[in-house]
Every structure is written in structure tokens, then in C-alpha cells.
Amino acid sequence: VQLQASGGGLVQAGGSLRLSCSASGRTFSSYYMGWFRQAPGKEREFVAAVSWRVGSTYYADSVKGRFTVSRDNVKNMVYLQMNSLKPEDTAVYYCAAEASIATMRAWPSYWGQGTQVTVSS
């Protein structure tokens, strides 16, 4: 099982970035996929998730209305569109996958490598 995240970078406050995550090695047709982030000195936290079949979405309160999670079932890809970025969004962002939303929000079983997002003020 491999999750590969990409798309991080440096952006000014108010700007946008789109993260991508490719999934391979197994069928994720019944899995939730999403994103966590970890800022320096802080714990890793849930950001957003999307169900694979129905497309239901879930967000942390801190990103609601600014971030959009989506998926492409054919390409086995998950995306995180981040708009109106703030300096406090600066973190390493991790792609993740899990079978249940409860576990997905807590600590998923499958993780990708992180991609750095830096938002300058």
C-alpha cells in the first residue's frame, strides 16, 4: 500500500494551493481518504476526509469554508484544495486512508509521506 502526496510549497497569506495524493497497491473503493497536518511543536491533526463511494466530506472546524477535499475514483487520487490560506495553516500535510470515518479522524492505518506547506504573512 502506497500513498504519495505532492503539491506543497510556499504561498503568501490569502493564496491557494492544491495538494494531490495518489493511492496504489490495493483497492481503496470502500475506504475513507483524507489529510492530516502537523505544525512544528504540535500534534498531528485531522484536516479533511472524503468517503470513496458516496463522496461525503468531513472537515476540521479550522478549515471549513476554506479547504475542499475531493477524489477521483478512476485515477485513485485525492485532492485538497486550500484557499484563503493563513500562516497558521503552515504544516507538513499527510495523506491518509482508513476504513471507518471514526478511525480516519483519530489515527488512520495508512499514511503517505508528508508535503510541506508554508504560508507567509
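**View 1. A disulfide joins Cys21 to Cys95, with S to S at 1.9 Å.** This is a predicted model, where local features need pLDDT of at least 70 and side-chain atom pairs count only at pLDDT 80 or more, while totals for chains, interfaces and linings use all residues. Residues are numbered from 1 along each chain as its sequence is written, and side-chain values use heavy atoms, with hydrogens and water left out. A search of the whole structure turns up 1 disulfide, counted as a pair of cysteine sulfur atoms within 2.5 Å. The torsion about the S-S bond of Cys21 and Cys95 comes out at about -80°, so this disulfide is left-handed. Cys21 sits in strand S3 (residues 17–24) and Cys95 in strand S9 (residues 91–98), so the pair ties together parts that are 74 residues apart in sequence. Strands here are DSSP runs (E, at least two residues; helices would be H or I, at least four), numbered from the N terminus. Cys21 is buried, at 0% relative accessibility, and Cys95 is buried too, with a relative accessible area of 0%. Buried means under 20% relative accessible area, exposed means over 50%, and partly exposed is in between (1.4 Å probe, protein chains only).

**View 2. Met33 belongs to strand S4 and is buried.** Its relative accessible area is 0%. Leaving out residues up to four places away in sequence, Met33 touches both cysteines of the disulfide, Cys21 and Cys95, and other residues including Leu3, Phe28, Trp52, Val78 and Met104. Contact here is heavy atoms within 4.5 Å. Look along the chain as well: the C-alpha atoms of Met33 and Arg44, 11 residues apart, are separated by 16 Å.

**View 3. The largest nonpolar core has 37 residues.** To count as such a core, buried Ala, Val, Leu, Ile, Met, Phe, Trp, Tyr and Cys residues must be joined through side-chain atoms within 4.5 Å. Met33, Trp35, Leu80, Met82 and Tyr93 have the most contacts inside it. Two or more residues each come from S1, S3, strand S4 (32–38), strand S5 (45–51), S7, S8, S9 and strand S10 (110–120). In soluble globular proteins, nonpolar side chains tend to be buried together.

**View 4. An open sheet of 4 strands runs in the order S1-S3-S8-S7, with antiparallel pairing.** Strands S1 (2–6) and S7 (67–72) stand at the edges, each with a single partner strand, so one side of each has no neighbour in the sheet. Neighbouring strands of this sheet are turned by 15° against each other on average, direction ignored; axes are lines fitted to C-alpha atoms (for helices, over the stretch in contact), with angles from 0 to 180 degrees between N-to-C directions. Two strands pair if DSSP finds at least two bridges between them. S3 and S8 run antiparallel and share 6 bridges, and Leu19 has Leu80 as its bridge partner in S8. S8 is mostly covered, with 5 of its 6 residues buried.

**View 5. S7 and S8 form a hairpin with 4 residues between the strands.** Strand S8 (residues 77–82) runs antiparallel to S7, and 6 bridges join the two. Going from S7 to S8, Thr68 stands opposite Gln81, and Arg71 has Val78 as its bridge partner. In the hairpin, Asn76 takes a positive phi near 55°.

**View 6. Ser20 is in strand S3.** Buried or exposed? Ser20 is buried, with a relative accessible area of 13%. Beyond residues up to four places away in sequence, Ser20 touches Gln4, Ala5, Ser6, Trp35, Met77, Val78 and Tyr79.

**View 7. A sheet of 6 strands is open, has mixed pairing and follows the order S2-S10-S9-S4-S5-S6.** Strands S2 (9–12) and S6 (57–59) are at the edges with a single partner strand each, so one side of each is left without a neighbour in the sheet. From one strand to the next, the twist averages 25°. S4 and S5 run antiparallel, joined by 6 bridges, and Tyr32 has Ser51 as its bridge partner in S5.

**View 8. The protein has a mean pLDDT of 94.** That score is the predictor's confidence in each residue, from 0 to 100. Of the residues, 98% reach 70 or more. Among the elements, S2 has the highest mean pLDDT (98) and S1 the lowest (93).
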